[in-house]
Amino acid sequence: MVFLSTCLLLLAFTASFADLTVEKSCPSDALEIVPSNYFRVRNDTCFLFMTYDIVVYETAKNKCMRNGGNLAMPKTKDTNDFLIQTMKTFDKPQPMWIGMHDKDEEGTIVWEDGSKVNAWGNFDWTTGGLFGGAEDCFALDPNNGKWHDYGCSNTGLLTTLMVTRNSQLPFICQYPVREEQDVVDQRDQGQASVDD
């Protein structure tokens, strides 16, 4: 019984610590809109898993940018594995947009920050649409951990003809972890507005 009580206490402490880490590290504007259980902090990055917001690629990108972030860019296998493990903790895991595309030049795949994708064999070309040129944006699939290409939007002749896969998906944002000074500055601003 003591062992079970200790385990439950440890789980509660871990959950509280995780919430505290999220609240100290992730954008406060986003935390006001999205419940903290959709955020995860890994190394120097805060990730937001928008599992319930199904949108086209550009809309997902713009929503991430509103709070100073971007679509997630799993540039390392470690980060990719972390995202996959987290995706599997949500109900009905499904592919989610990440910040990768070849919209500018077919076959030249880049991250949203403009850097070239250095893959470790993580592309899954076996399930592509009928016309690869119509699928220029990428999503991470929690079922196999691979990157899949999808149509970026719901517009265009190829989408109308139903030859591309679903263009509306949930998405993952990434934000740099807030510096401690940012947290202090926000606290001071909040205090100043209360005092005014």
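Reader: Before we look at helix 4, what does contact mean here?
Author: Contact means heavy atoms within 4.5 Å, and please keep in mind throughout that this is a predicted model.

Reader: Okay, so which residues of helix 4 are buried?
Author: Helix 4 spans residues 77-87, and its buried residues are Thr 79, Asn 80, Phe 82, Leu 83, Ile 84, Thr 86 and Met 87.

Reader: And what covers those buried residues of helix 4?
Author: The cover includes strand 1 (39-42) and strand 2 (45-55), together with strand 4 (96-101), strand 6 (137-140), strand 7 (147-150) and strand 8 (169-176).

Reader: You mentioned strand 1 and strand 2; in which sense do they pair?
Author: Strand 1 and strand 2 pair in the antiparallel sense, over 4 bridges, and one pair of bridge partners is Val 41 with Cys 46, the latter in strand 2. The hairpin they form has 2 residues between the strands, and in that hairpin Asn 43 takes a positive phi near 55°.

Reader: Switching topic, what volume does the largest pocket have?
Author: The largest pocket has a volume of about 180 Å³.

Reader: Which element gives the largest share of its lining?
Author: That is strand 2, with 4 residues, while helix 2 (28-33), strand 2 and strand 8 each supply at least two. Among the lining residues are Ala 30, Ile 33, Met 50, Tyr 52, Phe 171 and Tyr 175.

Reader: How many of the lining residues are nonpolar, polar or charged?
Author: By class, the lining of the largest pocket has 8 nonpolar residues, 1 polar residue and 3 charged residues, and the residues that line this pocket include Asn 67 as well as Asp 53, Lys 63 and Arg 66.

Note on methods: Residues numbered from 1 in each chain as written. Predicted model: local features only at pLDDT ≥ 70, side-chain atom pairs only at ≥ 80, totals over all residues. Heavy atoms only, no water. Buried < 20%, exposed > 50% of the residue type's maximum accessible area, 1.4 Å probe, protein only. 1 Å grid on protein atoms, 1.4 Å probe; cavity = no way out; pocket = protein on both sides within 12 Å on 5 of 7 lines; lining within 4 Å. Points joined across faces, edges and corners; volume = space filled by probe spheres on them. Nonpolar A, V, L, I, M, F, W, Y, C, P; charged D, E, K, R; others polar. Pairing = 2+ DSSP bridges.
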